Each structure stands twice: as structure tokens, then as C-alpha cells.
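Got your viewer open? Load the model, hide the clutter, and let's walk through it one selection at a time.

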Amino acid sequence: MHPILFRVPLPVWTVPLLWVFLIAAGIAFAGAIGLFLAKNKPAAAAAGIAGVALAALASQFKGQTYTLGPLPIYSYGVMLGLSLVVGWYLTLGLAERDGLPKETMANCYVVTALAAVVGSRVLYILTNLDEFDSLGAMFDIRRGGLVAYGGFLGGFIGSYLFLRSHRIPLLPWADVAVPSLASGLMITRIGCYLFGCDFGRPLGETAPAWLKKLGTFPHWPEGTLDHGSGSPAWVQHVKERGLDPTAEASLAVHPTQIYEALVGAGLLTLLLLARRRQKFRGEIFLLFTFSYGVCRYLLELLRDDAERGSIPPSLPEHVLLPAGLVIFAVGYTIGFSHVIRDNVVRKVTQALAFVPAIALYVVLKPETFGASATIQYSTSQAVALATGLAASIAFAIYYKAALDHPEQAMALNLPDSPGAAADRAADDDEDEDDDDEPGDDEDEDDKAGEKRSSPAKASDKRSRAKRGSAKDEGQATARERGAAAEAPDTTGEA
């Protein structure tokens with residue numbers, strides 16, 4: 001376990017930070033002008049805002065310099081970059097399989113990834129303001145300092161704004177994007193483990209030796225990092241748990257980084273299997289939101305690092321912590337349990353969902369009322385509860401609608417491409433032209449004329465038939481009279 005994998009040899013070079021930010025602001029303004037001329041107003045506005053922010057930051061660094069030298073490649077930064085590459089191929093592969101426009105989804109992935117990194121850093125800064133002694137330190141993410149839920153929320157907002165500008169629904173994209181979040185957890189938590197952050201509570205004496213070995217973090221040599229003289233776990237144990245400053249390693253703790261990496265691998269498997277029986281757009285996204293919320297809430301029970309932040313209210317731990325599990329159990333009951341079609345099995349699982357809350361209450365309940373410890377939810381626990389319950393309610397609504405209208409529930413509802421819209425407009429024009437052709441009008445007039453003339457023709461035929469019949473009767477009468485005049489006298493009279 002080491003925070004730095006290797007160092008890139010570079011010559012020593014002093015850079016004025018004022019000019020760095022001014023150049024970056026100029027590039028942003030140039031990009032905003034180009035995007036505005038290309039009639040991409042949302043992107044132009046974002047680039048303009050970035051330019052203004054960079055220009056404002058430049059004034060804060062007046063007179064300050066940054067010395068470039070041998071460049072350290074941090075283990076966390078490498079794992080973060082690897083997770084983005086893996087997520088790129090995973091997300092775009094699933095998007096193409098679902099029929100989403102590949103080029104647009106590629107652009108959306110870039111926007112989402114950047115927004116996720118920004119969101120995770122912002123949430124970390126907000127929960128650890130006392131850790132930063134300068135504005136420049138807030139931008140140094142190579143050594144870690146990202147919150148997974150901040151990335152989740154930041155990526156969600158970035159995706160929504162990008163897709164809205166392209167008139168593409170959010171949920172189909174969310175379904176193909178969340179597997180990359182699971183793979184990202186699996187990979188980046190290895191980076192956390194190598195750096196030594198996000199560690200857990202000390203292990204008990206009866207813990208297995210292999211687990212103790214995994215959960216022991218070293219005292220780094222002096223000068224490994226610009227600040228600090230050991231891994232985060234070692235530093236915190238020296239300050240808070242009475243560890244000897246000459247100790248070579250920290251106390252043995254729960255390697256919660258490894259636990260969460262395994263959670264990421266499990267969630268990735270779950271999401272890919274769930275895609276086979278997906279019933280509505282957004283189902284995979286909601287499943288990840290709820291499942292990760294439950295897992296993260298439980299992992300926070302084992303976390304011990306002081307950088308997580310907390311959110312009121314303050315309640316006894318034997319009340320507050322089981323209450324969160326009750327909320328998850330209610331969410332499962334009203335939402336995800338309805339995937340189970342067998343009524344008896346569904347009710348059994350709904351009842352079992354409340355067992356962990358009861359068990360945790362029994363374990364944490366103090367012998368006397370005065371001995372109960374008062375705690376608050378960590379920031380991640382509070383976000384997990386809010387997003388998990390919201391996902392359950394949304395799942396219940398969408399799942400019921402999917403059963404009533406299965407085809408509509410799986411529709412992508414993508415906007416027409418310009419070529420497809422032009423082709424359909426051309427087809428409509430051709431249909432209208434065919435309806436207005438002169439030959440068709442003449443044929444219709446001829447048919448109408450035939451219909452109008454047919455009664456007259458029938459009347460003429462009846463008149464000629466009557467006249468012929470009368471003529472035949474007259475001829476027959478004349479023939480009878482002539483025959484009578486020529487016949488001999490057969491009566492005998494003189």
C-alpha cells in the first residue's frame with residue numbers, strides 16, 4: 001500500500017498561477033464564442049461561465065507560483081482514470097445495444113464524467129472545509145478527496161442538462177450509465193485502499209489474521225507526501241487512539257475500501273443480470289440507486305475515518321441506526337418486492353426486510369438509558385436514505401405502469417434525426433401530390449358521370465322495349481284479320 005506508484009522525472013520549472021488561470025479563461029471564452037456561432041447556446045453559456053470563474057480565480061493567485069518538478073503519479077488518480085476508461089467502453093457498448101445514438105451518448109459520457117468528478121469533489125470540500133488552507137488545495141484531487149455520492153449526484157445533474165438540450169429522455173441513458181458506476185466503485189475503491197483513506201473501525205482481537213493484515217496501513221517514510229507523515233489511518237490512530245508515533249503501522253481496521261470494491265463487483269453483476277428481464281426504462285437506474293443506498297448505509301456503520309461529515313438530527317444510536325434500516329425495509333415493501341410474482345413468497349420477503357432493523361436495535365440497545373451514545377447520520381447515510389426511498393416510490397409507480405402498458409414502458413422516445421425527419425416530410429409531400437394528380441380527378445369525374453348517366457340509360461331501354469312490344473302486338477292483329485278474309489265459306493248458305 002503506497003500513495004505514489006512512481007514519479008515522472010521533469011525539470012524544475014516555476015509557473016505563475018495568475019497567467020495559468022488567465023490563459024485557461026481565454027480558452028474558455030474562445031470556446032464559448034465558437035459554440036455560440038455554432039448555435040449551441042447551452043454549451044456556450046457553460047463555457048462562458050467557466051471562463052468567468054477562471055478569470056475570478058486568477059485574481060486570487062496573483063503573485064503566487066507553482067514549481068514543477070518530478071511529477072508524482074498517485075495510485076488513486078491512476079485508478080480513477082482506469083475506471084473512466086472502463087466505464088467508457090461499458091456504457092457505450094450498452095447504449096449501442098439499446099439503440100441509443102452512439103455519438104450523442106459518447107458526448108454525454110464525457111459531460112457526465114466531468115460533472116461527476118466536480119460533484120464528488122464539491123461534496124468532499126463541503127463536508128471537510130477545515131482541511132483546506134488554500135484555494136489551490138481544493139483543486140488537487142490526485143491524492144483523493146472525492147465522495148462517491150457527490151459524483152453520483154453531480155453526474156445525474158450533468159446528464160440531465162446535456163440530454164435536455166438534445167431532447168433525449170434521461171432514463172434510457174441512466175440505465176446504460178449506472179453499470180459503469182458499479183465498475184467505478186470496484187476500481188476506485190482499490191485506489192482508496194492503496195492510498196489508505198476511507199478506512200474502517202478497529203478490528204477485534206478475534207478477527208482472522210489475514211483480515212488484520214489487509215486492514216493494517218503503514219507509516220510512510222518522511223517526505224512521501226508534501227503534508228502528513230503517514231497513511232490517514234496511522235495519523236488518526238496517533239491523534240485519537242493513542243498509537244505510539246514510532247509505530248510502523250496503524251491499528252488493524254476493517255478494510256472497508258475492499259468491502260466496497262466487492263459491493264461494486266456485486267452490483268455490476270446484479271445490474272447486468274437485471275437487464276435481461278427489464279420491464280421499463282429507468283428500472284436498472286432505480287435498482288442501482290436503492291441497492292447501493294442499502295449497501296452504503298451498512299458500510300458506513302463500519303467506517304471510522306473523520307472525513308465523512310454528519311447531518312442532524314442527533315439521536316441515540318440504537319434508535320437512529322435501526323430507523324434507517326426500517327426506512328429501507330418500507331421502501332422494499334412498497335417498491336421492489338412487487339417483482340416477486342408469487343404472493344406468499346413476496347409477503348415473506350417483506351416481513352424479512354424488517355429483521356435487520358430489529359436485530360440492530362437489540363445489539364445496540366444499552367443496558368441503561370443514560371449509557372446510550374448520541375450520534376448523527378453521516379453525509380453518505382443521509383443521501384443513501386433519501387435517494388433509496390425516492391427510488392422505491394418511483395419504482396412502484398413505473399412498475400405498475402409497465403404491467404399495464406409494456407410496450408410503451410420500454411419505448412425509447414428518441415427525437416427524429418434530421419435525415420429521418422426530412423425523409424418523412426418528403427414522403428408526406430409525395431402522398432399529397434399523388435392525391436392531387438389530374439388523371440385521378442378525371443377518373444373520378446368519369447366515374448361520377450357514369451353513375452349519373454346510368455339511370456337515364458336504363459329509362460331509354462325500358463321505353464324502347466315498350467315501343468317494340470306494342471309494334472309486335474299490332475302486326476299480330478293485322479295478320480289475324482287478313483287470314484280471316486281469305487278463308488273459304490264453310491257454312492253452306494247461298
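The second largest pocket divides its lining residues into 17 nonpolar, 6 polar and no charged. Keep that in mind for a later stop, and bear in mind throughout that this is a predicted model.

**Whole chain first**

Start with a cartoon view of everything. You should be able to pick out 18 helices and 6 strands. The protein has 494 residues, and 37% of them are buried. Now think about contacts between residues with a separation of 6 or more: 80% of these in the protein are between residues 24 or more positions apart.

**The second largest pocket**

Next, select P42, A46, A47, V111 and L161. Among the 23 residues that line the second largest pocket, these five lie nearest its centre. The pocket has a volume of about 800 Å³. Colour α2 (41–60), α4 (102–127) and α6 (148–165), since each of them supplies at least two residues of the lining. Which helix gives the largest share of that lining? It is α2, with 9 residues.

**The largest cavity**

Now switch to the inside. A search of the whole structure turns up 1 cavity of 30 Å³ or more. To find it, select A116, A148, G151, F152 and L181, which are the closest to its centre out of 38 lining residues. Then colour α3 (75–98), α4, α6, α7 and α11 (283–300): these are the elements that give two or more residues to the lining of the largest cavity. The volume of this cavity is about 730 Å³.

Try colouring the lining by class. The largest cavity has 24 nonpolar, 12 polar and 2 charged residues around it. Keep α7 on screen for the next stops, as the largest share of this lining, 12 residues, comes from α7.

**Along α7: R189**

Select R189, which sits in helix α7, residues 170–195. The UniProt record, an unreviewed entry, places the feature "binding site" at R189. Is this arginine, R189, buried or exposed? R189 has a relative accessible area of 5%, under the 20% cut-off, so it counts as buried.

Show its surroundings as sticks. Leaving out residues up to four places away in sequence, R189 touches A148, G184, D198, Q257, E260, A261 and R296. You have already met A148, one of the residues closest to the centre of the largest cavity.

**Next door: T188 and I187**

Step back to T188, also placed in helix α7. T188 is buried, at 12% relative accessibility. Beyond its neighbours within four places in sequence, T188 is in contact with Y76, M79, L80 and S83.

Then go to I187, another residue of helix α7. With a relative accessible area of 11%, I187 is buried. Which residues does I187 contact, leaving aside its neighbours within four places in sequence? They are M79, L82, S83 and V86. So M79 and S83 appear in the contact list of T188 and in that of I187, given that contact means heavy atoms within 4.5 Å.

For a distance to display, pick the C-alpha atoms of I187 and V78. They are separated by 9.8 Å, although the two residues are 109 residues apart along the chain.

**Across to α3: S75**

Select S75, in helix α3. S75 counts as buried at 0% relative accessibility. Setting aside residues up to four places away in sequence, S75 touches H2, P3, I4 and L5, and also G191, L194 and F195.

**Last stop: cysteines**

Finish by selecting the cysteines. How many disulfides are there? The count comes to 0 disulfides. Zoom in on C192, which is in no disulfide: its nearest cysteine sulfur, that of C197, is 4.1 Å away. A disulfide needs the two sulfur atoms within 2.5 Å, so the pair does not qualify. C192 itself is buried, at 2% relative accessibility. For another cysteine, select C295, which is partly exposed with a relative accessible area of 26%.

Definitions and conventions. Residues numbered from 1 in each chain as written. Predicted model: local features only at pLDDT ≥ 70, side-chain atom pairs only at ≥ 80, totals over all residues. Heavy atoms only, no water. 1 Å grid on protein atoms, 1.4 Å probe; cavity = no way out; pocket = protein on both sides within 12 Å on 5 of 7 lines; lining within 4 Å. Points joined across faces, edges and corners; volume = space filled by probe spheres on them. Helix = DSSP H or I, 4+ residues; strand = E, 2+ residues; numbered from the N terminus. Nonpolar A, V, L, I, M, F, W, Y, C, P; charged D, E, K, R; others polar. UniProt positions renumbered as here; feature names shortened; annotations may be inferred. Buried < 20%, exposed > 50% of the residue type's maximum accessible area, 1.4 Å probe, protein only.
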